[in-house]
Amino acid sequence: MVKKTYAEINARIRAGEAVVVTAEEVIPMVRERGIEETAAAVDVVTTGTFGPMCSSGAFFCLGHSKPRMKMNRVFLNGVEAYAGIAAVDAYLGASQIPETDPANKSYPGEFNYGGGHVLEDLVSGREVLLEAFAYGTDCYPRHKLEKMISLEDMPYAVLYNPRNAYQNYNVAVNLSERTLYTYMGILKPNLGNANYSTADQLSPLFNDPYYRTIGMGTKIFLGGGVGYVCWHGTQHAPGAPRGENGVPTAPSGTLTVIGELKQMSPRWLRGISYLGYGASLMVGLGIPIPILDEEMLKFTAVSDADIFAPIVDYSEGYPQATGEVLGKVSYAELKSGEITLNGRAVPTAPLSSYPGARKIARQLKEWIQEGQFTLTEPVFTIPT
Amino acid sequence: MKQKMVLRFPAAVVEQPFTYHLIKDYNLMINILKANINPRMEGRMVVEISGAEDDFHRGIEFLQSSGVKAFPLEQEIAWVEERCTHCGACVIICPAGALVLERPSMEVKFLNEKCIICEHCLKACPARAMEARF
Ligand code: SF4
Ligand code: SF4
């Protein structure tokens, strides 16, 4: 029986002795050496994901001006940030688009710039145009402010993403006769393609399906810097159907995460544009999983062939919320480039970057091996 | 030699079999990348012409003397690798197999020689890593 505590694993990390492997590397190890031996040998398995995560954004404190101002409306490079909080605080959402954007009036809209792009500009060190408007009060007399501002100028900037790291997601197809422009990418008519979006066997929540080690305070890789899990995410649905290995076979767990924006990098926070759908943000996120016992190791050894996703029609089933599932398919099949549906070969495309996920898992592994990143035991784990 | 060319056909000559002559009389290989030809209207074609240098120049002269305007293709589609996130969204959009996912690395590669400059990827790439260059 293998049993390790967070304290023991951290002691080994600090001593530079921890054995750390990625969620990809652990699979062949288990095949060769078995669960028990690998569980005894490995201290931490690192995971990663780099995909579009619309439910992301950042809280800013924009700093006080002279004279003072209670900002009611705030725009950064023309993209509105929510300012219904204290005087110079605002929250910029990744999917917000400028008021001047024609959106889908010229269908399919291009959505070339949005909140996600502002975040990318800021972490790239670029200045953005701040425009703020106010009704003016005795204590905050100023009505209007316009200036260039950089991340460095802001006294406070924190990435706060209400829903990231979805544990499993739909495979999107189109049964209709016309092209669809969705958050799952472009879906060609008559089953022209099948798009999916997870980091497969590297995805954080596939490797700890019952969230035994993930909860408030779990230290993670976020946007190239260090962040924390601070809650379960919006639409967290742990009750989704699960396979024998515990892995959900439908969209299920999600996380709310937080981290200091100033240490993040444009490599792992990228503004993106979905034709006909909107603007968003690609977020890089990685979670280290402590191998507390054999069960944890077994969870992390899950591979693409054992993870299944539901196929959903985005011409009817998804928009009309019928709940209809056309079938289930494994990530090994999805990754092969082609699945079979209704007797037809349908080409697949990922929307989440597997190479990006792999780089994040490796980066996290390096940080831990170098002794600069220790694990935190959650204050409480997210609901199962 | 091998060269991508844009051919403009005035309405008066649009229905003549130029590619046939280029192949038969000038020993050139013609690969049609893009064609927009309508009867009795000006037409435009993007072709890749390959063959001996001599034949190539004689072929172009033949086209010019027949009223076809021929000039080298200056627009190219470029893949900005630093912007590419390897998300794979483009691989099912590209009709020419010029954007491909390599397995098992799952990295995206751009094969310039296969690109037919249809421009579908420009707006389909969420990270705007594909650019038209003139
Ligand atoms: S869609 Fe764009 S970012 Fe994604 S793989 Fe293709 S070129 Fe790269
Ligand atoms: S322009 Fe883009 S989509 Fe069209 S062939 Fe070239 S790479 Fe493919």
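**Salt bridges and a nonpolar surface patch in chain A**

At 17% relative accessibility, K365(A) counts as buried in this predicted model. Its salt-bridge partner is E25(A), with the closest N and O atoms 2.9 Å apart. The two residues belong to distant parts of the chain, 340 residues apart: E25(A) sits in the loop between β1 (20–22) and α2 (26–41), whereas K365(A) is part of helix α6. Unlike a buried residue, E25(A) is classed as partly exposed, because its relative accessibility is 27% and the buried class ends under 20%.

The search of the whole structure yields 20 salt bridges over all chains. One salt bridge joins R270(A) to E120(A), where the closest N and O atoms are 3.7 Å apart. This pair again connects distant parts of the chain, strand β18 (residues 269–274) for R270(A) and helix α3 (residues 115–123) for E120(A), with the two positions 150 residues apart in numbering. Both partners are buried.

A further salt bridge is formed by K335(A) and D304(A), with a closest N and O separation of 2.6 Å. K335(A) lies in helix α5 (residues 331–336) and D304(A) in the loop between α4 (294–300) and β21 (308–313), so the pair ties together parts that are 31 residues apart in sequence. K335(A) is buried at 11% relative accessible area, and D304(A) is likewise buried, at 7%. In addition, a network of salt bridges links K3(A), R212(A), D293(A) and E295(A).

On the surface, W231(A), V379(A) and F380(A) make a nonpolar patch of about 330 Å². F380(A) is located in the segment after α6 (354–369) and is partly exposed, with a relative accessible area of 38%.

Technical notes:
Residues numbered from 1 in each chain as written. Chains lettered and ligands numbered in written order. Predicted model: local features only at pLDDT ≥ 70, side-chain atom pairs only at ≥ 80, totals over all residues. Heavy atoms only, no water. Patch = residues over 30% accessible without salt bridge, like charges linked within 9 Å, V, L, I, M, F, W, Y side chains within 5 Å. Areas by Shrake-Rupley, 256 points an atom, 1.4 Å probe, with all protein chains shown as cover. Salt bridge = Lys/Arg side-chain N within 4 Å of Asp/Glu carboxyl O. Helix = DSSP H or I, 4+ residues; strand = E, 2+ residues; numbered from the N terminus. Buried < 20%, exposed > 50% of the residue type's maximum accessible area, 1.4 Å probe, protein only.
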